[in-house]
Amino acid sequence: MCASDFQKKAGLAQMLKQGVIMDVTTVEEALIAEEAGAVAVMALERVPSDIRKEGGVARMSDPHMIRSIMDAVSIPVMAKVRIGHTVEAEMLEALGVDFIDESEVLTVADRKYHVDKDDFKVPFVCGAKDLGEALRRIVEGAAMIRTKGEAGTGDVSEAIHHIRKIRSEIDDVMANCSVLLENPNDKSGLQHLKGFSEKFRVSEDTILELVRNAGKLPVVNFAAGGIATPADAALCMRLGCDGVFVGSGIFKSSNPAKLAKAIVEAVHWYLEPEQILKASFDLGEPMRGIQVSGLKEEEKLSVRGW
Amino acid sequence: MTQQDSKTHIVVGVLSVQGSFREHLDHLNVLFTDLNSAPEYSHYQFSARKVKQPKDLDGLSGIILVGGESTTMSLLLQHSGLFGPLAQLIQSGKVGVWGTCAGLILIANQVTNTKVDLGDCKFKVLGGLDVSIERNSFGRQVDSFTQVLSFQESSVRSFECVFIRAPVVTGILSEKPSVGTKSSVVAEVFEANNHSVEVLSEVEKDGKTLIVAVRQGHILGTSFHPELVQDYRFHKWFVDEFVLKRSIDA
């Protein structure tokens, strides 16, 4: 794929920065999200907390539902495919969605390979819980990365853990490999480079590219998974994320329209506690939620994908 | 008086509500590092500023409205109280103004193919340019494209233009537009722009000629994203032609 193709895919993600992307299951919810100031909506049949509750195989959503949401709103529309399900992705591209989320929230289709995203004109966003995962997805052609968090729980701790993990692994790379910028033959630098390449399962070039880019990932990085309140969203922004996805949090609360607006305000004013406070009055009941620490390993969605 | 004090301070603001403001600020910062040490710009001291609230507008010589989602930006501007003062400043003719993509939508006097009612709020635009803009003119994301273009009346030649769910200028308004309809909005005009609208560049798509860059006096509008390519010529042209020339006139 040529650089300009990637540029316009990654470019759309850049236009979403400092924005909130909301999960919606109906046209009515999509309109509430747009009216609240969402920068995009994720069209899906069941929000993660329902997928978690109801179980069964979770697949790409009904194209008719996705199309009706595309027709109803003027903001970009995203939809999810199962990890590795190239045909579901081709269908969504043919349908004309603006962004595809290759998502661990759905049941995994291919236990070995993710979708080869370079082959597509439509941009992809993928989940990551550490730097290796983020880099592998970027190598496959992802135009945007989001933390996996633990979707459908309303517990933000896993997303925070992933943000911090990616950050600390980048710091580790920079601390040990920056020396290669000045001295490409530095022995210790090269040794660490090899180590990181093995640990993260990407080429040494990919690691070097990150170092040359001053430790900045080449694509936008959003927070996702368990964000339920304006304060949660602001905390993720404070930790350096470019924006947030809110899944079950909004439409499983008692006053979705108000909560949706409050989260948009909190992302906009994430450095201003008074403004976040102002947006957080009288929001009603947040989603009930489940503590991630009480989940068994096999109940976690974030362990899907590799 | 020191050397520093004799310089004219030029501050260019970047609307930092949502979208690609970091990219625009990065471009300006790189450009300004160059200009601040260039002999031909030795009378000036340049800096870039994030604009988030009304007080950030004080003392600006130019302002850039960035790419992003125009509905989101419009709502946040209305909620934060920045909408009114920003509209006044843009239309006043006192500063150079540049809108890219969603920013172009926000500075148009008429916008079509859009949502108007957003719950208890309205989609409102700031106005300033006597043009009608159609949102998402080229279709959806899969129809986004890049093209190399040159610009009339400017030194910028062969510039790589990235169009992402881009709007286009569908009409130049010769008289005050009628009131909005179900799918179009009209800006509130406080001060008329007395210059005529010049077309700077067009693209051919599906047999149609579409306007993608315009200028009207102190205002520049582009439907593509110069902030997404590592090329600072367009930003430099904006500073030279829209910011500095105005500050000399003023």
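This report describes a predicted model with two chains, A and B, moving from confidence to the core, a helix, the annotated sites and the contact between the chains.

## Confidence

The model is a prediction, and it scores ipTM 0.92 and pTM 0.95. For chain B the average pLDDT is 92, and 95% of its residues reach a score of at least 70.

## The nonpolar core

In soluble globular proteins, nonpolar side chains tend to be buried together. In this model the largest nonpolar core holds 173 residues, and those with the most contacts inside it are Val20(A), Ile21(A), Met22(A), Ala38(A), Val41(A), Ala233(A) and Val244(A). Helix α13 of chain A, which spans residues 256–268, supplies the largest share of this core, namely seven residues. Apart from this core lies another one, made of six residues, among them Ile51(A), Ala58(A), Ala151(A) and Leu301(A).

Ala38(A) shows how parts of chain A that are separated in sequence come into contact: leaving aside neighbours within four places in sequence, Ala38(A) is in contact with Val20(A), Ile21(A), Met22(A), Ala33(A), Ile75(A), Ala260(A) and Val264(A).

## Helix α11 of chain A

Helix α11 of chain A covers residues 230–238, and because seven of its nine residues are buried, this helix is largely enclosed by the rest of the structure. The buried residues are Pro230(A), Asp232(A), Ala233(A), Ala234(A), Leu235(A), Cys236(A) and Met237(A). The elements that cover them include β1 (20–24), α7 (157–177), β8 (244–246), α13 and α14 (273–279) of chain A. Just after α11(A), Gly240(A) takes a positive phi of about 105°.

## Annotated positions in chain A

In an unreviewed entry, UniProt places the feature "active site" at Lys80(A), a residue that lies in strand β3 (residues 77–82) of chain A. Lys80(A) has 29 other C-beta atoms within 10 Å and is therefore buried, since 20 or more are enough for a residue to count as buried. Not counting residues up to four places away in sequence, Lys80(A) touches Met42(A), Leu44(A), Met60(A), Asp101(A), Ser103(A), Val105(A) and Leu106(A).

For the feature "binding site", UniProt lists, again in an unreviewed entry, Asp23(A), Gly152(A), Gly226(A), Gly247(A) and Ser248(A). Although these positions are spread over 226 residues of sequence, they cluster in space, with a largest C-alpha distance of 12.2 Å. Gly152(A), in the loop between β6 (144–147) and α7 of chain A, touches two other listed positions, Gly247(A) and Ser248(A), and its contacts also include Val47(A), Pro48(A) and Ile51(A). Gly226(A) lies in the loop between β7 (220–222) and α11 of chain A, and its contacts include Gly149(A), Glu150(A), Ala151(A), Thr153(A) and Gly154(A).

## Annotated positions in chain B

In chain B, an unreviewed UniProt entry gives the feature "active site" at Cys101(B), His225(B) and Glu227(B). Despite a spread over 127 residues of sequence, they cluster in space, and the largest C-alpha distance is 10.8 Å. Cys101(B) is placed in the loop between β4 (96–100) and α4 (102–106) of chain B, and its contacts, which include Gly67(B), Ile164(B) and Phe224(B), also take in His225(B). Glu227(B), in the loop between β15 (219–222) and α5 (233–249) of chain B, touches Ser20(B), Glu23(B), His24(B), His27(B), Gly67(B) and Thr100(B), with residues up to four places away in sequence not counted.

The table gives the burial of four annotated residues.

| Residue | Other C-beta atoms within 10 Å | State |
|---|---|---|
| Gly152(A) | 26 C-beta atoms | buried |
| Gly226(A) | 31 C-beta atoms | buried |
| Cys101(B) | 30 C-beta atoms | buried |
| Glu227(B) | 27 C-beta atoms | buried |

## Where the chains meet

How many residues of chain B are in contact with chain A? There are 31 of them, and they are in contact with 27 residues of chain A. On the side of chain B that touches chain A, the elements that give two or more residues are α1 (21–36), α2 (70–80) and β9 (145–149) of chain B. The largest share, five residues, comes from α2(B). By character, the residues on this side of chain B divide into nine nonpolar, 15 polar and seven charged.

Technical notes
Residues numbered from 1 in each chain as written. Chains lettered and ligands numbered in written order. Predicted model: local features only at pLDDT ≥ 70, side-chain atom pairs only at ≥ 80, totals over all residues. Core = buried A, V, L, I, M, F, W, Y, C linked by C-beta atoms within 7 Å. Buried ≥ 20, exposed ≤ 12 C-beta atoms within 10 Å, placed from the backbone. Helix = DSSP H or I, 4+ residues; strand = E, 2+ residues; numbered from the N terminus. Contact = placed C-beta atoms within 7 Å. Nonpolar A, V, L, I, M, F, W, Y, C, P; charged D, E, K, R; others polar. UniProt positions renumbered as here; feature names shortened; annotations may be inferred. pLDDT = per-residue confidence, 0-100.
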